[in-house]
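Work through the exercises below with the sequence and the 3D structure at hand. Each task is followed by a solution in steps.

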Amino acid sequence: MMKHIQKSQRDDGWKNVLTGLGIRGRDKRMSALPDYTLLDQGIVEALYQSDDTASKIIDRLPEEMMREGFEIKIIDGDQDLAEKAMDELKRHGVEDKAEEALKYSRLYGSSLIVFGIDGLSPDEPLDLARVRKIKYFIVVDKNRLSPEGYFNQDLDNPNFGYPEYYTLNTANGRASTVRVHHSQIIRFDGVKLPYNLMLQNGGWGDTVLSRLFNVIRNYNSSHDSAATIVQDFAQAIFKLKGLSEMLASGDDNLVTKRLELLSLMSSIVNAIVVEEGEEYERKTTSVAGLSDLLKTVGNRLVSATDMPHTLILGESPGASLGEGGQSEKNDWYDHVRNKQESILRSPLTRILDLIFAEKTGISGGKIPKYTIEFRPLKQMNEKDQATNRKTMAEADAVYLDRGVVSPDEVAESRFGGDGFSVDTTLDWKARKEIDIGRGKGFAKKGEGEEEEGEKEE
């Protein structure tokens, strides 16, 4: 005999059958559901071209990410190679193209940097050992590419869940396409969608404007409405004697002439002259609370964009922002730095690997160990710079007095680069040649040299 099992459904949240709280049909909140909308190309381009708020949201983060640039540090190698690598990046315009790709990804949802290798077909998997010479780096938005139907399902493949090939439209007056392997592109996504939504969106990410569309619309509508209120701030009210009779007679010219005469007398005598029985007054529209309302709408925009007031709203840092807006600025710099690490580091590393891998290039095809260091976004004023140098000089004096560093190392570390630096670089080679001869082992431990204080036998 089959035992009947009664199923019960559990809903999260509070319900009250008496007040209707949480009951669909009685609680108005239960009818408010999220709606997933994909903005098409025409809408996002119109927003970007015509709306200053939308264009600032798209452009400002990539511009900040690339504003101060970065440095290449060769680990245990020739630092001249780092300068040559930076020269190659400039020759290919990589920094400008990276910024452009970041903007396109935020605007359209996805963008790609397609690169060409001499002797390697675009549809072949990339092999760094076969990189003879880099021909080009080209930035394209998602509207010029189409992912092919096969999405990688190999769990061991770094490209898992993404297309293996893309079809690039190179039409210039006539149909022309190129099949490109995923390893010969660098992909940027604006908003990464859940897998099912990504498939619905043709295999691409989403524009950042989708989430912000209503917020931007409300912000602009509020300020446009405020501008309309200003236009109608003061309205003239003229109570004309016998108005109904004049209109009933069908002679509208009488009304028009009376109003023209009223305006003419106002211009001549700077006063309003009316006939007995007529009245003239001006009434102003109350704007009480409008400022607070607009401020609330602006704060919602700031919250949605993760951008400081000073950037998105163009406000000068004042007392209303607290500490001159410094806290917001610091949060913004942290946000930008996080995006540099999560979005920008990997593409730059791939590009540098290509540059080092060139057989005819700066390192003869040998990829050295290197790191990418993003320069600080926060720039110190003259007072802060002076304080910083004084603090560093006091620390250097202690190190020099105790023999931890040499004067040459301090001079080279502080002033040997493009500007003042707080990073200290030790010259282990010079220490081995000079200090070991004095019976002091300043050489780096682990490389066969004596420890500090030990003497050669």
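**Exercise 1.** Is Tyr 104 buried, partly exposed or exposed?

Solution. The model is predicted. Step one: the relative accessibility of Tyr 104 is 26%. Step two: buried requires a value under 20%, and exposed a value over 50%. Tyr 104 therefore counts as partly exposed.

**Exercise 2.** Classify the ring pair of Tyr 104 and Tyr 108, and place both residues in the structure.

Solution. A pair of aromatic rings is described by the distance of the centres and the angle of the planes. The whole structure holds 5 aromatic pairs. For Tyr 104 and Tyr 108, the ring centres are 5.9 Å apart and the planes stand at 65 degrees. Centres must lie within 6.5 Å for a pair, and planes over 60 degrees apart count as edge-to-face, so Tyr 104 and Tyr 108 form an edge-to-face pair. Next, the location: both residues belong to helix 4 (residues 94-108), with their positions 4 residues apart in sequence, about one turn of the helix. Finally, Tyr 108 has 11% relative accessibility and therefore counts as buried.

**Exercise 3.** Which parts of the chain does the pair of Phe 356 and Tyr 370 tie together?

Solution. Start with the geometry: the ring centres of Phe 356 and Tyr 370 are 5.3 Å apart and the planes are at 50 degrees, so this pair is tilted. Then find each residue: Phe 356 is in helix 11 (residues 326-357), and Tyr 370 is in strand 10 (residues 370-374). The pair therefore ties together parts that are 14 residues apart in sequence. Phe 356 and Tyr 370 are both buried.

**Exercise 4.** Describe the surroundings of Leu 107.

Solution. Leu 107 is located in helix 4. Its relative accessibility is 4%, so Leu 107 counts as buried. Leaving out residues up to four places away in sequence, Leu 107 touches Val 44, Tyr 48, Ile 58, Thr 207 and Leu 209. A further comparison uses Ile 57: Leu 107 and Ile 57 are 50 residues apart in sequence, while their C-alpha to C-alpha distance is 9.3 Å.

**Exercise 5.** What is the sign of phi at Asp 306?

Solution. Most residues other than glycine have a negative phi. Asp 306 is not a glycine, yet its phi is positive, about 60 degrees. Asp 306 sits in the loop between helix 9 (290-305) and helix 10 (309-312). With 49% relative accessibility, Asp 306 counts as partly exposed.

**Exercise 6.** Which residue lies over the face of Tyr 165?

Solution. The residue is Arg 179, at 3.6 Å from the ring centre of Tyr 165.

Definitions and conventions. Residues numbered from 1 in each chain as written. Predicted model: local features only at pLDDT ≥ 70, side-chain atom pairs only at ≥ 80, totals over all residues. Heavy atoms only, no water. Phe/Tyr/Trp six-rings, centres within 6.5 Å; stacked < 30°, edge-to-face > 60°. Helix = DSSP H or I, 4+ residues; strand = E, 2+ residues; numbered from the N terminus. Buried < 20%, exposed > 50% of the residue type's maximum accessible area, 1.4 Å probe, protein only. Lys NZ or Arg CZ within 6 Å of the ring centre and 35° of its normal. Contact = heavy atoms within 4.5 Å.
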